Every structure is written in C-alpha cells, then in structure tokens.
Amino acid sequence: MTPRLTESAAHSDRVVDAGQRQFVFINDGRLQEMPTVRNLLRFLVPVRSHAPSHETLERFLADEELYALPVVDANDRPLALVDRRKFIEFFSKPYSREIFGRRSIVDLLQHAEYQATAPVIVEDSCSVEDVAQIIITAGMQHMVTGFIVSSAGRYLGVANGHDLLNVITQRKQSELYYLAHYDHLTGIPNRVLLADRLDQACRDSQRKGTLAALLFVDVDRFKQINDSLGHSVGDAVLRVVVERLKKSARRNDTLARLGGDEFVILMEDLEDAADVDRVAQRLLDSMRERIELFGHSLVVTVSVGAALYPVDDTALSPLLAKADAAMYEAKSAGRNRFCRYSKATAMYNPARMSLENDLRRAIESNELVLFFQPQVELASHELRGVEALVRWQHPERGLVSPVHFIPVAEESGLIVPLGNWVLRESLRQLREWNQQGLPPLRMSINISALQFRQGDLPRYLAEQLTAFAVDPQQVELELTESVLMNDVEGVLRTLQEIKSLGVSLAIDDFGTGYSSLSYLRRFPIDRLKIDQSFVRDIEQTPANESIARAIVALADSLSLGIVAEGIEKRSEKAILQHMRCAEGQGYLFAKPLPADDIVAWIGHHLQSQGRPAFPAAAPVPVLSC
C-alpha cells in the first residue's frame, strides 16, 4: 500500500503512515521514526525478587530522584513497580523495619498489610497513544510512578509518566501553535508569525545587503459589506480577497492578516525597489473581477501602502507604521490605489486612534476597571476565590476587551504600569470586601513576564500588602510557564522572595508551554491551572481528557492545588470532577463580573447553599450555576 503523506499546518514536517509504523520528515529532509515507548525508556537496575526490603528502602533514601523501582524474578520477568512515596510511608510506621525489613521484597508486596498495586507492563513495541489509554484505564496514579517496559516478557527498563505526557501533548501543542500563529478565518499567518518573519527578513536583508518591503493592504469600504450583507458574507469576501492576494504576491512572500480587513505582504530578498511597485499593481488588478457570493455580485477594491527596509526605517514597528501611513495616503487619494512611503507622508492617521496613547492616558485617568470571575470547588460548589481581570472603559469606544489592548501594552512596555495598577486595585478591592464582611476569598492576580522580570515586584507587592492591610494568604499571583523558563536562578530568587511574604503562586495556562517536572519540583509553586483549550469539549476529545487527567495526577503527586479554566458545560464539569480536579472557573458558574455584581453573585450563591448571606450582599442573582 502506498504510504499516505500529510503536511502539518503548523510546521513543515510531514508524517508518513506505513503499516503499523509512523515516520516524520524533519526540516533537513531526513526520515525519522516517530517515538514509541522504547524512545521513553530508561534503564533502572531492578530489585531482585529475593532481595530484602530494607535494601529497596535504602535505595530510595539515597536517591530522591527515584520515583519507583522495578522488581524482577530470576528470569528478568517484571513482577512489580514499587512506588517511592507509598514504600517510604509504609516503613515510617512504628516497627515496620523490624518486622518487614529483612523479608524479601516479594514477600512484602504479597503481604495484605502493604496493599501493593499491580504495575502497568507494556511491550517495547507499544505506541505511546496505546499506553496512554492503558494508563487511563488502569488508573492515573501510574502517570506519576511510571510503568515497566519489557521485550518478549523480559525486563528492559521503565518509562516516566511525565515524559509520556509530553509526547501526548505534542499533537495538541501543534494545534495550539497553529491557533497562536495563524488566522482561523483565512488560514494565513497572523500578526505574531508576521513579526517573527519580519524580524528574520530584516536580519537577512542586513547580512546580504538587500531590501525588504512591507505592503499594507486594506479592503475599501469593507464595513459597508458587513453592515449591509452580514458578517457571513463579509467573511466569505475576505477569503476570496486572500486567494487573490496570494496569487498576486511572489511565491516566497508572506501574506498575513493583522485583523479585520487589514493584511500585510512581506517581500524579502529584493534587489530592486521597482519589484514592490509591480506586485502592488498586480494586487490592484486582481480585484477588478467581480466577486459572486450568495446571490450578490460585488466589486471589491483595496488600498495599498508600502515601506522599505532599511530605506524608510530600520526598526520593525515604525516600518509597519509607515506602511500603514502610506496605505492611508492611498485611501485619502481616492482608494483603489497604491502609495509608497516618503518623508512627506503624514504619520498621523485621523481615522485610527492611537491605542498606545489612549492606553497611557487610561492608566493615568482611571479608565481601567476590574472584573472578577469566581473559582469554585467542583464537588461542593463552595466559593474558593476570584480571578481579577482587567477591562478598559474607553470614553468613546465603550468597554474594550483585553484581547485588543494587552498586546499593545506588552509591545510598548505599558504592561508594567498596567500590571501594577491591577495588583494595587485588586488588593484595594479585597480590603473593601473584607470590611464588608464577605467570606475570606483568594484573590488571583495575573503577572506579566515583563512585570515579573523588572526586578522590584517583591518590593512593590510587599508595599501594597502593607498599604491595604491585606492578609497575604488571601493573595495568589498567576504566572505563565514561559516566565519560569529563562534565568532559572534569578526566577527562583524572585519566587522565594514572593513566597516569604506569605503569597501563593500559580502557573496559568498549564500544559500550553514548556512543562518540566524539574522546575515544578524546584520552584515554590502552589497551584496549577489547566488551560481552557484542554477543557473545551473534553467529553468529545480523548486527547484533551488524557492531558487533563495527566495534569491532575501530576498536581496530586506534587501536592499542588488544581483549577480548571473555561468550564462552560455541565458535562465538562462532570468529567473534571470525576478525575478529581478540585476547582474550576468558567461561564458555567459565572462570567467575569464587575465588583458590585460579583458581590451580588456571592450573596445569591451563599443563599443557594443554605448559608446566611454576609451583611452587604445583595439578594438578587446576577448569574448562577
């Protein structure tokens, strides 16, 4: 049978299925077999069945990295996998060493008082996907202790459950990579991937002495199409426009969508600036043909502006801004035309508000507001805490979602004063609630990478805790995994300073970054938050369920708290609760609410549980389970 080749949407690698074996073409063209259990294997000297139990105990005490030890018989056939925690706890009981220490390990495992668990034993040819299903069936505790790998029934070694989790998440992380770097409507790169390619293109241009160009493309009067014909027609028009832009651009050019009806074409390795003019003219010409959709015949035009690297600018953000300004010149000149940036081009665009300047003013003028989303215990529905989420009450635009202004804040450095405002306002609100008589709540506050790395976060946090007289045990800072992966020693010092204040620490969006068992064990983390991408449709997506179960088991083994984000359906809650996930948040319980509304929600929530409401609680529910 001919092998089937499929190209990954997120990577250049290609997967080949050939019978029971799978291979992948890696970037340099070599063919590499996809990982099996053998790829996860590590050899541990096994415990012989006749060896006294105290020798196994001594091995555990001598090496804290050992999570489990395999037991084999005289013919190297695996018999058991001894769990470190359970074994040490057993021998910590009075007289256990005296009674059982000299007995053989097999005698101990067969003794009723020990209550041994049957090991998971798999053949080395077993796929990692099959092992994941075996572990789900056998019990997720095996994700922590690991499992034994054999060949023709003889012991080969053990495999780590956490390594298995990493392999399981590879496909999911490829999907997350695609969602983070490609536009979901058109399938072309988004702003994030464009920025990466633009940076690389400028480096290559500098090294080779060539030019690079940005063509900023905007669909003329697109709002009229959306308003008159609806968003479904508008989306279809954008897909047609993208196909025409692709055909007009050169083969090696990058076409990206910035958002809405704005697109950028990145041209690399230019010897002559005239190439930009030729491509721009092709873009304009490609729009002459009418678009026939859903019974409508539409004439769609575009306005195009261009800026050259390094002629017009050598910094990336100003280069994009100048291409944008040139595009606006084309619109001002009557639309359906092309303009290249020049020193005479007006950089101020009256049709576009400067979001960065507005945001700077918003921080100073208290236009920002906090919303709060409850975090509840899944089993009892007890309220455990709230997560503080920032919103922007713009005087002209109304309530602005963080999706629109957080990227601007991060690029401009405004994320630090914005983050400090959120921290300060969260503690002020917590003090106010305590004074109102609300039950003690955990306030979870997101900390950005830049805010964390600036160096004075522990000092600022200590000052604010003192200023608002808030119990540090009510405060939890949420960090992303990416924050923890750079300058490990420096990160560890900062985390220890924060922990010394009595504040707890959580890892947000766990599973989407570079999960590492070593940093979880080393850093003083208190809680993991399962990313909502693993929660969504968990009842219909086996991979999501496998990942969520593994994260819950990992948290349990390390004595960490666990919260699942983005729970919207009762079926999702039921599955998470069944796998012993302790807490959750999401629209099933309540959407993010302003301070007054969350107080009303809490009051109603307490009453629904038959508990007396606090004195200030409003009796009317805002949104309940």
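1. The hairpin. Strand 19 and strand 20 form a hairpin with five residues between them, and in the turn His381 has a positive phi of about 65 degrees. Helices (H or I, at least four residues) and strands (E, at least two) are DSSP runs, numbered from the N terminus. The model is a predicted one, in which local features need pLDDT of at least 70 and side-chain atom pairs count only at pLDDT 80 or more, while totals for chains, interfaces and linings use all residues. Residues are numbered from 1 along each chain as its sequence is written, and side-chain values use heavy atoms, with hydrogens and water left out.

2. The partners of strand 19. Two strands are said to pair if DSSP finds at least two bridges between them. Strand 19 (residues 368-377) pairs with strand 20 (residues 383-394) in the antiparallel sense over nine bridges, and within strand 20 the bridge partner of Gln375 is Gly385. Strand 19 also pairs in the antiparallel sense with strand 28, over two bridges, where Phe372 stands opposite Leu593. Two bridges join strand 19 to strand 27, again antiparallel, and there Glu377 stands opposite Glu583.

3. The burial of strand 19. A residue is called buried under 20% relative accessible area, exposed over 50%, and partly exposed in between (1.4 Å probe, protein chains only). Eight of the ten residues of strand 19 are buried, so this strand is largely enclosed by the rest of the structure.

4. A buried glutamine. Is Gln585 buried or exposed? Its relative accessibility is 2%, and therefore Gln585 counts as buried. Gln585 is found in the loop between strand 27 (583-584) and strand 28 (593-594). Contact here means heavy atoms within 4.5 Å; leaving aside residues up to four places away in sequence, Gln585 touches ten residues that include Gln373, Pro374 and Gln375, as well as Glu387, Lys529, Val563, Ala564, Glu565, Gly566 and Ile567.

5. The nonpolar cores. A nonpolar core is a set of buried Ala, Val, Leu, Ile, Met, Phe, Trp, Tyr and Cys residues joined through side-chain atoms within 4.5 Å. The largest such core has 104 residues, and those with the most contacts inside it are Phe147, Leu418, Trp433, Leu477, Leu528 and Leu576. Helix 16 (residues 415-436) gives the most to this core, with nine residues. Apart from it lies another core, of 37 residues, among them Leu238, Leu245, Val276 and Val279. In soluble globular proteins, nonpolar side chains tend to be buried together. Among the residues that Trp433 touches, not counting residues up to four places away in sequence, are Phe372, Val386, Leu438 and Met443.

6. Helix 18 and its two faces. The expected span of a helix is 1.5 Å times one less than its number of residues; for the twelve residues of helix 18 (residues 457-468) this should be 16 Å, and the end C-alpha atoms are 16 Å apart, which agrees. In helix 18, Leu457, Pro458, Tyr460, Leu461, Gln464, Leu465 and Phe468 are buried. These buried residues cover an arc of only 165 degrees around the axis, which puts them on the same side of helix 18, the arc being that of the directions from the helix axis to the C-beta atoms. The face turned away from the buried side carries the exposed residues Thr466 and Ala467. The buried residues of helix 18 pack against helix 16, helix 17 (449-453), strand 23 (475-480) and helix 20 (488-500). Just after helix 18, Ala469 takes a positive phi of about 50 degrees.

7. The sheet of five strands. This open sheet has the order 13-14-12-17-18, with mixed pairing, and its edge strands are strand 13 (254-259) and strand 18 (338-340), each of which pairs on one side only. The twist averages 20 degrees from one strand to the next. Five bridges join strand 13 to strand 14 (residues 262-270), which run antiparallel, and Arg257 stands opposite Phe263 in strand 14. Helix 12 (residues 274-286) packs on the sheet, touching strand 12 (211-219), strand 14, strand 17 (302-309) and strand 18, and its direction makes about 165 degrees with that of strand 17. Axes are lines fitted to C-alpha atoms, for helices over the stretch in contact, and angles run from 0 to 180 degrees between N-to-C directions.
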